[in-house]
Amino acid sequence: MPAPAPVRLEGVTKKFGQDVVAVDRLDLAITPGSLVTLLGPSGCGKTTTLRMIAGLEPVSGGSILIDDQDVTRLAANHRDVTMVFQSYALFPHMSVFDNVAYGLRIAKVSGAELARRVKDALATVGMVGLEKRSPAALSGGQQQRVALARSLVLEPRVLLFDEPLSNLDAKLRRRVRQEIRDLQQRLGITSVYVTHDQEEALAISDTIVVMQGGRIQQQGSPHELYTQPANRFVADFIGSANFLPGEYDGSSVRVGPYRFAYEQAFPKGAATVMVRPEAVRLASADGTDAPGGGEAGFLPGSVKSVSYLGITSELLLDTPLGELASSVSGEGRSRFLRGDAVQITFHTAGVYLLPEGGEAGL
Amino acid sequence: MSVRSIPHARTKGRGGSAAVYALAAAAAFLLLPFGRPGRPFLTLDPAFRPWNIDAPWLWLLPVLALVAAAAALAPLPTLRRGNVLTFAGAGAFLVGAVWLVTTRTPFGMGALLSLCLLVVVVGYGLSLSGRVRADPFVASSILFTGLLVLLLVVYPLVTVLQAAVVVNGKFTLAKFVATLQTNRFILIENPFTPRSEGALVRYFALAGLVLAFAWTLWRRQPALRVVLITLGGGLAGLVVGLMLFARGAVPSSLTLAVIAATVATLLGLGFALLGQRTRFRFVKASLGAFSVLPIITPPFILAFSMIFLLGRRGLLTFDILGISSNWIFGIPGVALAQILAFTPIAYLVIQGSVAALDAALEEASTTLGASKWHTFRTVTWPLLRPGLANAFLLTVIESFADFGNPLILGGDRNYLATEVFSAFAARFDQAEAAVYGVVLLFVVLLVFYAQARWLGRSSFVTVTGKPSRRAFTRLPGGLEAVLLVGFAVWAAVVVALYASIIYGSFVQLWGVNGTLTLKHWRDLTNAGVPVFLYTMRIAAISAVPAALLGFLIAYLVVRQEFWGRRLLEFGSMLSFATPGTVMGIAYILAFNTGPWLLTSSAVIIVLSFVFRNMPVAIRGGVAGFAQVDRSLEEASTMLGSSSFRTLRTVLVPLLVIPIVSGLIFAFVRAMTAISQVIFVVSPGNQLTTVLLLGWVEQGQTGRAAAMGTLLIVSMLVVILLLNLLTRRRGGITGEVVA
């Protein structure tokens, strides 16, 4: 008997037409009260998966269980699942109050009970006093809160979010996402969240499910995904990464002329070395501040371009093994100029080995 | 917040309502007569009580209905319940329908009611069993609209086809061939003329062949294209020869269509360019006003007033120019009437593609060094071509389908649309009428097909992203002057025609006795106004189902996925494409006897209006749905709403404007229609346009003019009211888009 899960997908498949497989035999179990994010580039099947959980998209194969009840064939309006839409989808011809009361009225809640619950829901999202407004008279952030209240008021078994922040500007997006996270944790509502923005996913999720080509590439906490990506796709999609050909001998990794210690378990032989840009350390090639631990050596290179970004600088480096991106913070960010010869070393915390090629899945 | 107070079992009650429908179907079967002896609908004839009907198997209907009711209430798994409902409901429906069709008994109230209720039961079944991925409301709606389109659009057309090739119960092409060989259909060699038309036509075909062949040699075409183009040239020569020298309905209609469509398209293009690029605001404003005229005017009214103005005793021809000639009775007159009537249609179509032209494209061409003419030839013209072709083909179709103008001004020539009516009403030959109907339908559908195939791929209108709002280069001075004069002449003619109708209603007898009088208006209050009010009532009654059904079909076609969606769309648009006379003869043939006996009643008039005007509402609905973000419906669904509730609480309030427009256009079109209803009117169910046409034919011109004035003015008021309404509520649709 598997552990209890408010949402469980078993071999869920979605085909469009005969040939296009949007979601391919997906298995997923969601822990009660957690916020799970489906993350991936556009066309990876994340939105389709969310819409199948919602019941808005018919399933081609497999089954969907909510609270251990098979809902695969249950219509969307009977699933007791609500959704916050990218466009908010507030009914433009109804006031804020009527929007929030909409689902309650369908559930035959009326009178004082209705008014109380609408008021509670609006209070939860900090929108008291705007009940009579029309949605058109609200700002984007306010509309988003009303949409959230409208979903919360029904106390659904699962709350779904379909890229809810993508219509907000950058600053507001940070604030609203924090509000959503706080609210979700406070109320303990099991939530599934879809986004293509990895920063948003890292900030908000208990668990991230990285999808590509209709399949799950990796699933885990934000920290796990960042520090131990399962493959090249995940490594590249979560944060950014350099990939270099290397070789592992059981205790150290050799990349070109550069050798450094590596202690995590990994089969010996050829490997793809993933290096986060912020783990790339630079020293001037004139030897004035050569890295310590002489045996490790370094990777020689030269600065190809410098982009000054304020708190950090992004340097593109030419090395015998190809181009390498590095992110330099602190004082070093303005030290190197285009054409400077540099000695490159890595912080081992930002290095991770992948099987050669790095394309293998889980 | 308190936890979990929403009941999970929101699915309860669904089986219950299916049981109610099934039981109601059984009750309707038992309590109301299943058939009726004759035309009256509301009879309680005991002969058609189920126990008096000598067909024991008919009792399967209530039995199966009860089985469905039991299945709906029994604790079955949803899937099996759905299957039982589907098969029991469909079985009961078939039993009833088969009895009606095999015994050819006109349906009674019991049959109508129980069959409709059974459709709902099947809808529940299809929804619960998952065969249709939608809730019972949508599933039932799909079934209902599908059956209605089948019964009231497809079945009549099939009947026409059948009437043309089945004589005395046997399939034969004899009638078809015989009709096609009559002089009325086509006459090449006219024995009353000294020249040989056959030879002339042959020369034209030969000339076309030779010219096309020469062209292929000159342009060095590959062998296969040489053959095809040469043959095409020969065919074109043949057609031109026939148009010039042959007589009969086919050459006449063809000549008329080519002349009317060419001139109307050119005028439409000129006016569209003028409207966009002229300095004179007044011209722009009046163009808009003129484009409304054909909507509010019955198509033949202009033909009628042309007699006042240009006829034997016409104001312009006789009183001013002193000519007394019958030139307007024949192709020139009909062509002129059609040009006047269809130019606004061509203008509206072309205006769309002219408006989509991006000024930046022409500016880009100019900055690249092109002359004005070169720019027009290489940029403007190719972009306009699809719009022009569209306007041309639409006016060709309108011209072929036009019934009123050829009837009044046709003279001694025959036309396809009028021959359908003359064969039926003057020669009492239903089969011949059906043959003409089939030919006309074939021609029109062929043009529609060409339009869809050809223009479906080559529309540039949507290619550019945002149309820039920059000012266009002015038209060259000479061209603008020519267009302005052309528009002034056109406007003067139209104003004169409308004015002469109004004036004609106040003179004793046009062209003979010019004394002013109110006699015709007094006559009208006795003879015309009751019919006018009756027509208003029928038009209003038919407008409601036309608008609602059109909206529902638009919803199903745009927002739902189901098997046969395309067919439903095609079927419902078919009634729009079919010429009115063809639909008229089809209704008479299909609903005159048998299970669907409807003729000689107001019901058949209402039904013909509903299905004729519904496509206008469908188009309006489709355009409206395109403006409403789908996520609004999805949000409503996610909040627990059924699709019917979503339709009622979200979509209808947001789409009030398209629905009301559909309602009003359906009403106005019903008030001004002639070609279809002239077949289905009956004594006691007389309509304004038919009465008016009769008066024109009898020469009661004053009275007819008074009726025409009343009709035009009242429709103008209705359209103005609609304009006022949409302008005031216009903001709402705008907000929806955001």
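**Rings, charges and a nonpolar patch in a predicted model**

In this predicted model, B:Phe29 and B:Phe34 are both buried.

Reader: What makes the pair A:Tyr258 and A:Phe260 tilted?

Author: The ring centres of A:Tyr258 and A:Phe260 are 5.1 Å apart and the planes stand at 35°. Centres within 6.5 Å make a pair, and an angle that is neither under 30 degrees nor over 60 counts as tilted. The pair is therefore tilted.

Reader: Why is the pair B:Phe29 and B:Phe34 called edge-to-face?

Author: The centres of B:Phe29 and B:Phe34 lie 5.5 Å apart, with planes at 65°. Over 60 degrees counts as edge-to-face, so that is the name for this pair. B:Phe29 and B:Phe34 also belong to one aromatic cluster with B:Trp59 and B:Trp99.

Reader: Why does A:Tyr258 count as buried or exposed?

Author: Its relative accessibility is 3%. Buried means under 20%, so A:Tyr258 is buried. A:Phe260, at 6%, counts as buried for the corresponding reason.

Reader: How do you know that A:Arg150 lies over the face of A:Phe91?

Author: A:Arg150 is 4.8 Å from the ring centre, and the distance limit is within 6 Å. B:Arg219 lies over the face of B:Trp218 too, at 5.8 Å from the ring centre.

Reader: Why does B:Leu231 count as exposed or buried?

Author: B:Leu231 has 54% relative accessibility. Exposed means over 50%, so B:Leu231 is exposed. B:Leu231 sits in helix α8 of chain B and helps make a nonpolar surface patch of about 440 Å², together with B:Leu206, B:Leu209, B:Val210 and B:Val227.

Reader: Which helix gives the most to the nonpolar patch?

Author: α7(B) does, with 3 residues.

How values were computed
Residues numbered from 1 in each chain as written. Chains lettered and ligands numbered in written order. Predicted model: local features only at pLDDT ≥ 70, side-chain atom pairs only at ≥ 80, totals over all residues. Heavy atoms only, no water. Patch = residues over 30% accessible without salt bridge, like charges linked within 9 Å, V, L, I, M, F, W, Y side chains within 5 Å. Areas by Shrake-Rupley, 256 points an atom, 1.4 Å probe, with all protein chains shown as cover. Salt bridge = Lys/Arg side-chain N within 4 Å of Asp/Glu carboxyl O. Helix = DSSP H or I, 4+ residues; strand = E, 2+ residues; numbered from the N terminus. Buried < 20%, exposed > 50% of the residue type's maximum accessible area, 1.4 Å probe, protein only. Phe/Tyr/Trp six-rings, centres within 6.5 Å; stacked < 30°, edge-to-face > 60°. Lys NZ or Arg CZ within 6 Å of the ring centre and 35° of its normal.
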